[in-house]
Amino acid sequence: MLKSIRNLAKGSSPEDTFDTVTGLLDRSAFISNLKEIIADREIQRERIFGIANIEQFKLINHSYGNDAGDFVLQELAKRMSIELGEDACIARMGNDEFGFITTDKTADQVKKICENINMSFSDTALPWRDKKIRLHVKFGIVLIDESEHDINQILKSANEAIYSAKYDGGDTICEYDQDDTAILRRSGNLQHAITVDRWIARNLFLLYLQPIVSLANPKKLSHFEVLIRGKDNDGKIITPGKLISAAEDFNLTTKLDKWVIRNLFEWIDQHSSDMPNGVRFAVNISALSINDHELCDYIIDLVEEKNINPRQISFEITERVAISNMKRCYDFMSRLRKRGFLFALDDFGTGYCSFKYIKTLPFDIIKIDGSFIQNIDSDASNYAIVKAVTDISKAFNRKTIAECIENEKVAEIAHELGIDYGQGYLYSKPIPIDALIVKT
Ligand code: C2E
Ligand code: MG
Ligand code: MG
């Protein structure tokens with residue numbers, strides 16, 4: 001019986017189709033073989049399904065050329081075939097993804113094999129021409145239940161396992177366990193994280209802008225806050241809340257921040273002559289980005305490449321992030337401030353509301369969180385908090401912005417308290433960035 005699996009992999013069926021680079025089954029042939037194997041009641045032993053994914057494969061193609069990418073794929077295919085053995089059915093499922101199913105091994109044996117494969121690549125770099133390529137391969141495996149016949153569910157579980165292996169930290173391999181709370185906790189977010197990853201890769205996010213105006217003269221624009229939006233399959237524009245928390249859970253926020261910064265700078269570069277003079281933009285920076293040593297270099301390189309004046313750009317860092325790592329935050333801000341970028345402390349009041357950050361970190365602007373502003377006209381304690389924050393900010397010579405101004409009454413009180421700028425639906429909801437283009 002086991003032989004028949006191998007025979008299937010060798011293409012005993014005339015309908016089988018193969019991947020031209022690795023010689024393995026391609027995705028469609030693999031799926032139809034999987035269906036047969038899963039439905040075969042004569043197989044008495046455990047069926048282990050797995051997915052392997054090469055980390056940073058795009059980077060390998062990009063840095064060394066597509067020949068190197070093909071070579072890497074062939075090496076992984078070879079090693080998987082040797083290690084998983086004669087009876088495994090192996091396929092190239094897509095770009096950097098392989099699938100396999102075994103029926104002659106336990107889950108522990110398969111895990112060990114996967115670890116060995118990854119170690120063999122990470123310990124000894126592959127020689128490629130005069131270069132050396134070090135590969136990291138992640139695996140997600142699923143023990144197929146006898147009653148499980150739904151291929152899509154099996155693929156989904158393997159994908160969830162691989163995302164856990166990828167984003168949970170250093171793990172090379174993760175086995176799907178439907179009772180594993182860590183996976184369950186993530187599975188709701190997983191779909192959002194996959195969406196974020198896909199939208200970044202396909203450039204499907206949209207940049208929106210919301211004006212921030214002078215409270216003394218609301219017709220006078222200070223700058224725009226850049227807010228990301230997504231477009232779902234029905235063309236509906238969606239706000240980022242769930243996507244950002246999923247991106248955080250899967251360590252994708254720096255990638256997202258880079259996408260925003262690159263696309264904003266490219267947009268400014270392209271449209272500098274057809275937008276009003278002196279327009280400035282505030283960009284949100286997420287928690288993980290502060291810890292990313294490369295992000296500063298990325299921004300500095302990009303500002304030169306795209307001919308952007310750093311004075312046009314401020315970065316918003318939330319109080320929660322500033323609290324979590326003041327030293328890192330200080331270093332990040334100092335490097336970029338030297339280049340001329342400005343900084344705002346976002347959502348002030350939602351963390352410890354400590355005046356220490358205002359004193360220690362070189363923020364130019366303090367943004368008072370919308371939850372204190374929205375009902376400032378009816379909530380005496382919020383009024384007191386906003387007044388104290390404004391007074392302290394002024395004493396430290398920082399500018400202030402009131403978030404979420406929704407009506408004239410609130411705008412008036414904020415102005416009376418001495419807050420410099422306002423942002424909120426009273427002035428404008430976020431609008432697509434292209435609305436800024438001045439038609440000539
Ligand atoms: P934030 O930086 O505090 O942005 C202000 C949020 O308040 C925005 O929500 C904005 O649409 C909303 N808002 C503005 N005026 C009003 C108002 O009058 N009333 C009410 N109820 N809300 C108002 P949005 O766009 O949904 O963004 C939510 C959060 O997601 C942002 O909070 C920010 O932390 C994050 N975010 C948005 N875009 C990006 C981005 O490009 N990168 C990163 N890292 N985070 C982003
Ligand atoms: Mg913000
Ligand atoms: Mg805010």
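Biologist: How do α9 and α11 lie with respect to each other, roughly parallel or roughly antiparallel?
Modeller: Bear in mind that this is a predicted model: local features need pLDDT of at least 70, side-chain atom pairs need 80 or more, and totals for chains, interfaces and linings use all residues. Residues are numbered from 1 along each chain as written, with chains lettered from A and ligands numbered from 1 in written order. The axes of α9 (253-271) and α11 (293-305), lines fitted to C-alpha atoms over the stretch in contact, come within 11 Å and cross at roughly 10°. An angle under 35 degrees counts as roughly parallel, so α9 and α11 are roughly parallel.

Biologist: And what kinds of residue make up the contact of α9 with α11?
Modeller: From α9 you get Thr254, Lys258, Ile261, Arg262 and Phe265, and these meet Leu295, Tyr298, Ile299, Leu302 and Val303 of α11; contact means C-beta atoms within 7 Å. Tyr, Cys and Pro count as nonpolar along with Ala, Val, Leu, Ile, Met, Phe and Trp; Asp, Glu, Lys and Arg are charged, and the others are polar. That splits the contact into 7 nonpolar, 1 polar and 2 charged.

Biologist: Which residues come closest to ligand 1?
Modeller: The shell around ligand 1 holds 24 residues, each with its C-beta atom within 6 Å. Elements giving two or more residues to that shell are β9 (221-231), α8 (241-249), α9 and β13 (342-348). By type, the shell has 10 nonpolar, 9 polar and 5 charged residues. The closest are Leu227, Ile228, Asn284, Gly424 and Tyr425.

Biologist: How many residues of β11 are buried?
Modeller: Strand β11 covers residues 281-285, and buried means 20 or more other C-beta atoms within 10 Å. Both faces are covered, with Phe281, Val283 and Ile285 on one side and Ala282 and Asn284 on the other. The count for β11 is 5 of 5.

Biologist: Which residue of β12 stands opposite Phe281?
Modeller: β11 runs parallel to β9, joined by 3 bridges, and Phe281 is the bridge partner of Phe224 there. β11 also runs parallel to β12 (residues 313-318), this time through 5 bridges; two strands pair when DSSP finds at least two. On the β12 side, Phe281 faces Ile313.

Biologist: Over to Phe30: how many other C-beta atoms lie within 10 Å of it?
Modeller: Phe30 sits in helix α2 (residues 27-39). Beyond its neighbours within four places in sequence, Phe30 contacts Leu25, Ala91, Met93 and Gly99. Its C-alpha atom is 8.7 Å from that of Thr17, 13 residues away along the chain. Phe30 counts as buried because the number of other C-beta atoms within 10 Å is 25.

Biologist: Ala91 turned up there, so where does it pair in β3?
Modeller: Strand β2 (residues 89-94) is largely enclosed by the rest of the structure, since 5 of its 6 residues are buried. A hairpin takes β2 to β3 through 2 residues, and the two strands run antiparallel with 5 bridges. Across from Ala91 in β3 is Gly99.

Biologist: Zooming out, what share of the protein chain counts as buried?
Modeller: The chain has 17 helices and 17 strands, taken as DSSP runs of at least four residues for helices and at least two for strands. Among its contacts with a separation of 6 or more, 65% link residues 24 or more positions apart. Of the 440 residues, the buried share is 36%.

Methods
A residue is buried if 20 or more other C-beta atoms lie within 10 Å of its own, exposed if 12 or fewer, and partly exposed in between; C-beta atoms are placed from the backbone. Axes are lines fitted to C-alpha atoms, for helices over the stretch in contact, and angles run from 0 to 180 degrees between N-to-C directions. Angles under 35 degrees count as roughly parallel, over 145 as roughly antiparallel, 65 to 115 as roughly perpendicular and the rest as oblique. Two residues are in contact if their C-beta atoms, placed from the backbone, lie within 7 Å.
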